[in-house]
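Good morning, and thank you for joining this session. I would ask you to keep the structure open while I speak, as I shall move from chain to chain.

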Amino acid sequence: MLRWTKRQFLTAAAIMLPLSMGAVQTATPAAAESVLRVIPHADLKNLDPIWTTAYISRNHGYLIYDTLFAMDESFTPQPQMVDSWEVSDDKLTWTFKLRDGLKWHDGADVTAEDCIASLDRWGKRDGMGQQLFASIESLTAGDSKTIVMKLKEPYGLVLESIGKISSNVPFMMPKRIAETDPFKQIEEYVGSGPFMFQKDEWVPGSKVVYVKFNDYVPRSEPPSAAAGGKVAKVDRVEWTYFPDQTTAMNALINDEVDYFESPANDLMQLLENQEGITVEINDPLGNIGFARFNHLLPPFDNADVRRAAIMAMKQEDYMAGAVGDQKFWKTCYSVYPCATPLENSVGSEVMKTGDIEKAAAALKTAGYDGTPVVIMQPTDIPLLSAFSLITAEKLRKIGMTVEVQAMDWSTLTSRRAKRDPVADGGWNMFHTWWIGADVINPMSIAFSGNPDKGWFGWPSDTELEAQRAAFAKATGVEEQKKIAAKVQERLWSIGASGELGQFFVPVAYRSNVKGLIKSPVQFFWNMSVE
Amino acid sequence: MTDTPTSSGKTDELLAVPPSSASDPNLAVLLWRHPSIFWGGILLSIMVLIAIFGPLFTGDPIELNPIKRLKPPSGESWFGTDYLGRDTFARVIYGARVSLVVGLAVSIIAVSIGLVVGMVSGYIRALDAVIMRVMDGLMSIPGILLAIALISLSGATMMTVVTAIMIPEIPRVVRLVRSVVLSVREEPYVEAAIASGTKLHLVLIRHILPNTIAPLIVLATYICGSAMLTESILGFIGAGIPPEIPSWGNIMSEGRTYFQLSPWIIFYPGIALAITVLAVNVVGDGLRDTLDPRIARKM
Amino acid sequence: MSRDDAKRTDTSVLSIRGLTVRLPEGADRDFAVEDVSFEVGAGEIVCVVGESGSGKSVTAHTVMGLIPRKDLTPVAGEVLLQGDELLTKSETQLRALRGERMAMIFQEPMTALNPVMKVGDQIAEMLEIHSPMSAQERNTRVLEVMQDVNLPEPEQLFHSYPHQLSGGQRQRIMIAMALALEPGLLIADEPTTALDVTTQAQILELIKDIQRRHGTGVMFITHDFGVVAEIADRVIVMQHGKVVEQGAAAEVIGSPQHPYTRMLMASVPSLTPPAREAVDVERPALTARNLNKTYGSLGWFKRGREVHAAQNVELVVHRGETLGVVGESGSGKSTVARCIVRLIDPTAGEIMIAGNNIAGLGERALRPYRRDVQIVFQDPYRSLNPRRTVGQSIVEGPMNFGLTKQDAIVRARDLMNVVGLSPDALERFPHQFSGGQRQRICIARALAMEPKVLIADEAVSALDVSVQAQVLELLDDVRQRFDLAMLFITHDLRVAAQVCDRIMVMQRGVVVEQGRTAEVYASPSHAYTKSLLAAAPGRNTTFGAAAE
Amino acid sequence: MIGYIFRRILATVPVMGVVALFVFLMLRLSPGDPAAVIAGDYATAEDIIRIREQLGLNEPIVVQFVTWIGSLLQGDLGISIFTNLPVTTLIGQRLEPTISLTLTTIIFTVVVAVPLGTLAAWKSGSLIDRFVMLFSVGGFSVPVFVLGYIMIYVISMELRWLPVQGYKSIFDGVWPFVRHIILPTLTLSVIFIALVSRMTRASVMEVLQEDYVRTARAKGQSELKVLLRHALRNAAVPIVTVIGLGIALLIGGVVVTESVYNIPGLGRLVLDAILKRDYPIIQGLILLFSFVYILINLLIDLSYCFFDPRIRY
């Protein structure tokens, strides 16, 4: 019989406690290092920005990887890793020469072979990449620093593609990593960017740590969006994910973090009034609210019904209801973000209508037969949840039968892939948003008219596809603008989606943080803590 | 040791009053002795009345009014408005309905299922071991976790929420019923019934079942209270009742972001919830003290 | 007041005068005890006797200051302990007196001892509270008092927990604890009621012995007149909170004056079996052969720990005859009864009812035979379903066997008359009846089945002596009237003597002796039977006027 | 004793089996599809099918179960679908905060609730008793997250006494650890204190009715010692039992508390996993929680013989 006295018991407990805790390693930064403490907009779950399109993985990619080309503030591709490049007169051969001094985090030199493998893998995952590679005849290394791209036919968006600013960004990785099956995640995280990923300190769901890569050679130009010199001005960047907005805000106010990437718009009132906290809009493009119809199922297999529904969608209502403060949104009736080169107003009257009565009349004309509309409402994302509720109310008002089905976002993402009838788990509508940079030109998958390869909702329109193909081949800016307008007109006339307005997510930070870069993507270089 | 002669009990003799029977509480005396039941009951009745009739007198709890979003309490909207400009007062009143329905549904279903399973487990030895292992297993999974998992995996509807909250409660009921059955089946009057040839199901229904009722009523009130609380936590986490239904949990969940900006969105449903659960628990405590103070240890 | 009270006051350790204690509102009477006066002298054992509800325990607890003051309030009188008034003392002052100058032992030593503390420490605690002794001195003293109460190997028992001791040893520990500081007054509240008869005799002997040696005044509360006869110097008889008679033991027992006392004395069953009619031996109603019940089996992981509750029991009961089964706790007498009623399954053997062996029958096959054997249990408060009317309880059995509700009710009404209750009472619930009445109802319920065999399992043990006598009479009456074969299980030799034609003595699951009652009582052959009879308290006393 | 422990451990196997089967079926029979979630916004149907195949989700369910149990027995909880890391690694990273939080909560609860409940039982019916009961009923009635927010608002934001959020390891210094753990502990403790103090009260009240307490009083023992030496120790078994059963409640509370205070513990891990359908993590964590619960209750069962010498195995 084992008999323990009370004291023995306590002693044993005291011994066991640290043992169980000792299993966890923790590291602490040295005191003198400068640290930028960040609340990212999402939890970094995936470390492979080619495998996933998640924006958080893209931001992670920008920290540790570099790109051949990069967009500047005016959305013009500028060389980043590339030193100089040439295009042959027939526009079929492109030759890129890498800058000197580029090094991987493991110390090896960056070679053309590495870049070719990286582009290859990206070309298998990314939509624009697939388009580009469809035109590429060969991609070879001239020498260790020269990449030669031969095209089958002239292609208008070569630099726009490899200088793509948002997901999937063609980040450069060492060849051995880039050779990973594009449908599997990479397992080694070596880049050539200004920061290095600290795998040991990564706590998925909570914390990610980056440290400065001392051997990085920034370009000499001043930073401009993704382009220009990427100078790391802090020794460490620490991301701590906060699932709770209130707690996150309080942490910022209490000086427990320095930078809050995407606070809820409504919290701005509180944050703005706090001493030592700056609130500003960092992303000039913002986001575009999207109401997506399922073109395969009734009632939205009828373009007139879709257009009637769009006529009911008054952007002001969505923006005021879901976003709030008017500082953070504006109406925008162009399918390309307002204040970007391709913005125009062709065919957008339908979106501008915003009138219940007119919409109701249009619906009647369209011959709506009372088929119920199933709207998927992602309840874990307040903005989209609000969009869904507002749409439901509007559609009911114009005389449609509406059923709102609540679910979380992950259920929604799996269900929206179903093309089956509603009875078998299909759907009629869902809401989402695109970041402005993603829908900056007709090549975005959001505008696809190909029901087999297109985006969920599967509009089918050959004319739309023809225009988009033409855009890809168009080489001049004016020609591009003209085709883009045609694409937009087509999109509105088939009622592909409803656009719910352009809204901006400000960032909030403590006033000792300096050097923010205006861009639709969050970059952490050039930022310093004083 | 069954044949040790004992006196009829020390306390009885000490007080020189015949042993009182638990089965005939005079209502007036009961309320007098246990004011908690009285006050709790009144509070609860008010909540029930509000739940039934309240929504008839308030505005539409789901009508959106984006212009008037996040407005503080005023004469127009007593409890202020939420982020879509919906009237929090109307929503809180309507939420009483949802919370009470969830609480009642969970406690009634859990108690019914647990009663049957517990009786079977307590009386049929062959099934006892299997049932109790399953119950142990179920009990070892943290209730809230199980509920979140069930709901988020099978989709949030009122049904799944009630089911998910209910399932983790069942083992408690089963254990209670089983323990009552095990102790009552040794009672001489049960043995007398068996000895006079009464069939098993009649023994269970006539002689054993009634003994489970008092503790089950008490347990049911606790389950009702905790179900309402669980509902709110699920709502808060975002895995509760469909959000277009204004349950207190959902209202608070939607007010989460605005806690410091518009505290009324969380404050009022929070108060309503706390008062209701408090009332239910107070009534439960009172009933427990009245019906049988010894139940306390079985729960 | 009797004439020598004034004289005795000087030597009294306890003097109670005009004590009245109020009951809380809602009780069945106003006062728990009313105008109670008596004395306990040094070196004297005073027995306070009474049936349940007589107020004897309240009196004792009032002296100790252990009554809940808000429920039970002393409103008049005085309680003097060696001349000190106790009722006006504060809780702290009382605490100093308890244990030091007055001590108490209780009925159930198992529950009266702290189960999680070593018994030695529990005795030592008494010294720790009231004396400045060092731990060493305390331990020495504890061993001393343990020796004093004749506990074997005190050094070893010191470190035992209560559950490791026998009932008698536990009560000895209680006594040792009470006497550790040699208090002037010892209050013993039914200290032997929970003990087996042989143990009881030893404990009574011990109390007498100790009291004699230490000159302690003992207030001894009991309901058992046998015990009174054994131990009392003087007797106080209480009824409904009042003292109805007091005097020297021999006087009160031998020639009671008050009618109540006389009735009580008359109710005490005699140890001498009365002459009984011979029974027709040709009509066996119940035969058990080689009956065995073993508890504990080989589990998957458990090592088998077997208990033979009944071993090779053989018995025959004839119609119109009562067979008594006598034994102490753990003797297996109830196991036998429950096997025969088939509330538990016998491990081996035969149970023959009307020529059929029912020992191994399944529940369904058994059901037709259920009506032939009926049982009346010990505890009247638990034998009737509190939620069902008496009528419902009685008609349940007959209706199981096909009687219509009307017929069953007619039968129930008849039987209520038989057991001496009004047929109109069928509509009432059990809690509206007294213990004796309930036991009558249980008998009616059993009879409603028209059984051939009636088993009374300690059926009168929980009843007060006056009620006990009536129920015994009823049982004997129905046996004759319905020509029943009766199996009478009891631990009480007096009761057995009165109603049994034959007696079977059991010890540790084995039948050690069997025979006609008169013969067994007159000349027991087995040593165990002899010791049982020798231990029966008051065996040499005649209760009440012999003439009566 | 050792035989008993062995038997008890063996007896947990079927219970764990039940849990494993239950968790597995619950996840596999639910409608969400992890492949679609992984595939993300731009994936085509083919991509999803490809991912399903990679994950083995196309196998018959029995095969999936057997495969899973097989690797489970080798201590392999699988690879997280989203982070591509072994589940054991993820759990390892999150263990410390959760263990710290639960331990501080249990300690704090016992220190507060047991004396409180004992006091209430002793002074049963008094003002103190009413207060304790009110607190315990109240503790059951307020949602954890509301409590958390109020504490943050008052103590951290208005008074600025303590940090708002986060966790600091005790190995990085005791003071930062304590500062960060106080609020979560307080928040999490309330319901647990309510539970334990209420059980302590009921249990001590019952023990106070026992004969041996009367014996102790008859000895002239002081009330304090009657409570400590006689009542409390005898009341210990149900109190300890309810602490064990309350662990399940505690784990539920941890999920919410970690969310509110942004503590990178297991509660948040499991919540994230559930919302993202990361099957291996959900399975692993629910199993782990159940295992811990069963283990703790086993230890508590074994501790009975420390509190009560009558219990022998």
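**Strands, helices and local backbone features**

I begin in chain C, where C47(C) has F220(C) as its bridge partner in strand 8 of chain C. Before going further, I should say that this is a predicted model.

The strand pairing just mentioned involves strand 3 of chain C and strand 8, residues 217-222, of the same chain; the two run parallel and are joined by five bridges. Strand 3 of chain C also pairs with strand 9, residues 234-239, of chain C, again in parallel, through four bridges. There, V48(C) stands opposite I236(C).

Is strand 3 of chain C mostly covered or mostly uncovered? Strand 3, which comprises residues 45-49 of chain C, is mostly covered, since five of its five residues are buried. I45(C), C47(C) and V49(C) point one way from the strand, while V46(C) and V48(C) point the other way. The residues on both of these sides are buried.

Staying in chain C, I turn to an open sheet. Four strands form this sheet in the order 12-11-14-15, with antiparallel pairing. Which strands stand at the edges? They are strand 12, residues 307-318, and strand 15, residues 356-357, of chain C; each has a single partner strand, so one side of each lacks a neighbour in the sheet. Strand 15 of chain C is paired with strand 14, residues 348-353, over two bridges in the antiparallel sense. Within that pairing, M352(C) stands opposite N357(C).

Two residues of chain C deserve attention for their backbone angles. H240(C) has a phi near 45°, a positive value in a residue other than glycine. H240(C) is located in the loop between strand 9 and strand 10, residues 242-248, of chain C. Why does H240(C) count as partly exposed? H240(C) does so because it has 18 C-beta neighbours inside 10 Å, whereas a buried residue needs 20 or more.

The second residue is N312(C), whose phi is likewise positive, near 45°, in a residue other than glycine. N312(C) is found within strand 12 of chain C, one of the strands at the edges of the open sheet. N312(C) has 14 C-beta neighbours inside 10 Å and therefore counts as partly exposed.

Next, chain D. Chain D is divided into domain 1, residues 2-73, and domain 2, residues 93-307. Taken over C-alpha atoms, the centres of these domains of chain D are separated by 32 Å. The contact between the domains takes 13 residues from domain 1 of chain D and 13 residues from domain 2 of chain D. On the side of domain 1 that touches domain 2, the elements giving two or more residues are helix 1 (2-28) and helix 2 (34-39) of chain D. Helix 1 of chain D provides the largest share of that side, 10 residues. By character, the residues on that side of domain 1 of chain D divide into 10 nonpolar, two polar and one charged.

Also in chain D is helix 10, residues 223-261. How many ångströms does helix 10 of chain D span? Helix 10 of chain D spans only 43 Å between its end C-alpha atoms, while a straight helix of 39 residues would span 57 Å at 1.5 Å a residue. Helix 10 of chain D bends by about 45° at A236(D), and a proline, P238(D), follows within four residues. Helix 10 of chain D is mostly covered, with 28 of its 39 residues buried. Just after this helix, N262(D) takes a positive phi of about 55°.

Chain B has 12 helices and zero strands. Of the 299 residues of chain B, 59% count as buried. Among the contacts in chain B with a separation of 6 or more, 68% come from residues 24 or more positions apart.

Within chain B, helix 9, residues 200-237, spans only 47 Å between its end C-alpha atoms, where a straight helix of 38 residues would span 56 Å at 1.5 Å a residue. Helix 9 of chain B bends by about 45° at L209(B), and the proline P210(B) follows within four residues. Just after helix 9 of chain B, G238(B) has a positive phi of about 95°.

Finally, I come to chain A. P298(A) and P299(A) are joined by a cis peptide bond, with omega about 5°. P299(A) is placed in the loop between strand 13 (287-293) and helix 9 (303-312) of chain A.

Technical notes: Residues are numbered from 1 along each chain as its sequence is written. Chains are lettered from A and ligands numbered from 1 in the order in which they are written. This is a predicted model: local features need pLDDT of at least 70, side-chain atom pairs count only at pLDDT 80 or more; totals for chains, interfaces and linings use all residues. A residue is buried if 20 or more other C-beta atoms lie within 10 Å of its own, exposed if 12 or fewer, and partly exposed in between; C-beta atoms are placed from the backbone. Two residues are in contact if their C-beta atoms, placed from the backbone, lie within 7 Å. Two strands pair if DSSP finds at least two bridges between them. Domain bounds come from an automatic or database domain assignment. Ala, Val, Leu, Ile, Met, Phe, Trp, Tyr, Cys and Pro count as nonpolar, Asp, Glu, Lys and Arg as charged, and the others, Gly among them, as polar. The expected span of a helix is 1.5 Å times one less than its number of residues. The bend at a residue is the angle between axes fitted to the seven residues ending there and the seven starting there.
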